[in-house]
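Colleague: I've got this model open and I'd like to learn how to read it. Could you walk me through it?

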Amino acid sequence: MTTKILSSQQTKTEVNGISFSAVFTIFTGFIMLTALYLALIWAPDAVNLLTPTERYAQRIFYFHVPAAWVGFLAFLASALFSVIYLIKRQQKWDAMALSSVEVGLAFFTMVMLSGPIWAKPTWNVWWTWDPRLTISTICWLLYIGYIMLRGAIDNPEREARFAAVFAIVSSFSIPLNWLAIRWWRTIHPAIVAAGSNDGSEGGFGMSPDIRNTLIFCVVAFTIFYINLMYHRVKLELMKRRVELLKQDILYQ
Amino acid sequence: MSQNLRRYIRKIFAIVGKDVATEIRTKEMVSAMFVFSLLIIFIFNFTFDLRAGNVQTLAPGVLWVAITFAGMLGLSRSFVLEHDKGVLEGLLLAPVDRSTIYFGKMIGNIIFISMVAIVVLPVFMIVFNQPFTHVPRLGGIIVLGVIGLSGVGTLFSAMAVHTRAREVLLPIMLFPVIIPLILAAIRLTAAVLDGMLFADMSHWLTILVAFDVIFIAISYMLFEYVVEE
């Protein structure tokens, strides 16, 4: 009998969801391809970068900055979902918090990988202890801590509760971390001078086309994030339902 | 109102008293933390080859790594008895507010870690050849730092004890969160050792105090979600 419930619910969501899901996904793919075209071909070279390597590497900017934006957005979103979960205690909010962290972690890993590739030709080092780099690393480590915490708890209800608590606490630590690291670096002006070569402001001339491409990429990445969230949350809820049904069958 | 407050504080200190009595009888946590922090100081001495020339820049970091690592050791044990011997169930059954348990455990942790730090401090001053006139101000900074460390550490310790990996998970959760605290404490320690004017460093003191207040408030609000069963 339970298997019948499983299969009927499965087909129901498929039939209802397929049109919206497919349209949304294809739309996101189209937007991302456009972003790729704009970033790699349409956007002009940054004028004051001299060597070709520097100019090619600068194009990482169009995906590096939006990915970092999505990373922070995902973190903020997961903290919000966690607060709602602790108040309402509904599975879906926990699934959303978890999904947001997982998607955010993917984007942040992209930031952490693309950053050094861009930094090497521009700053001639893979890594500097610039505030932005440091705070991104801390966020990345907090994300990983969140995933590890979830992995180490057996009871699903407790897992959701503890994860929510951790997400809320760590979201409060981000602004304080940011402030402290900023102040830590202003005491060493030499390193700040190297750090201000960062592309997001003042590093190279931002012509209107460069700026427009960046804005488009930020919007594209945000849509991409929402789309990934949509699929990941659906998958997570389905996984939990299968888990419940499996228990039903086993212990009947 | 003040009657209620007095009763509340008495309940908190009943829990603190329980922890202190356990510690006085076993001497498990404080002695291990003390020896561990001394070992850290000596290991740093070998790894950095500390000499008169570089000791001023490295000493604050050595002191704070010793304190935070030893604190981590103590915090990871903080809820083990509660969990293994069923003390937590007893505390939860007692007719007290959940926040009482949090504050009781937190104050216990502050006492233990501060005790270790205050004993380690003179040793640190001697082996790194620092003037003893700095001790009162460094002691103040240490207490402020330990309050923040225990404030959020107690919450995470109550969580970590329910996980499979226990001691392993606590530092992974705690260190990224307390980075502002460590940074501020190290800056203030360096300022004291360099004899800088305190007014120049007051913004670090603000961060330290803000960290303590914010994280104790958050942990106080979230603790009941951690211990509910």
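Colleague: How much area do chain A and chain B bury between them?

Modeller: The size of an interface is often given as the accessible area lost when the parts come together. Here, in this predicted model, chain A and chain B bury about 2,900 Å², with 75% of it on carbon and sulfur atoms; buried area is the accessible area (1.4 Å probe) that two parts lose on being put together, summed over both. A:F162, A:V169 and A:L176 supply 19% of the area that chain A buries against chain B, more than any other three residues. In contact terms (heavy atoms within 4.5 Å), 32 residues come from chain A and 30 residues from chain B.

Colleague: What about the polar side: how many salt bridges are there between chain A and chain B?

Modeller: Look for a side-chain nitrogen of Lys or Arg within 4 Å of a carboxyl oxygen of Asp or Glu. That rule gives three salt bridges between the chains. One of them pairs B:E228 with A:R89, the closest N and O atoms being 2.7 Å apart. For polar contacts, take pairs of N or O atoms within 3.5 Å; within protein, one must be able to donate a hydrogen and the other to accept it, and residues adjacent in sequence count only if both atoms are side-chain atoms. Eight residue pairs across the interface pass (both at pLDDT 80 or more).

Colleague: Which elements give two or more residues to the side of chain A that touches chain B?

Modeller: Helices are DSSP runs (H or I, at least four residues), numbered from the N terminus. The elements are helix 5 (131-151) and helix 6 (156-186) of chain A, and helix 6 of chain A gives the most, 18 residues.

Colleague: And what follows helix 3 of chain A?

Modeller: A:R89 comes next, with a positive phi near 55 degrees. Helix 3 (residues 61-88) of chain A has 28 residues and reaches 40 Å from first C-alpha to last, close to the 40 Å expected at 1.5 Å a residue; the expected span is 1.5 Å times one less than the number of residues.

Colleague: How confident is the predictor in the complex?

Modeller: The complex gets an ipTM of 0.90 and a pTM of 0.86. By pLDDT (the predictor's confidence in each residue, from 0 to 100), chain B has a mean of 88, and 99% of its residues reach 70 or more.

Colleague: Any bookkeeping?

Modeller: Residues are numbered from 1 along each chain as its sequence is written, and chains are lettered from A and ligands numbered from 1 in the order in which they are written. Local features need pLDDT of at least 70, side-chain atom pairs count only at pLDDT 80 or more, and totals for chains, interfaces and linings use all residues, while side-chain values use heavy atoms, leaving out hydrogens and water.
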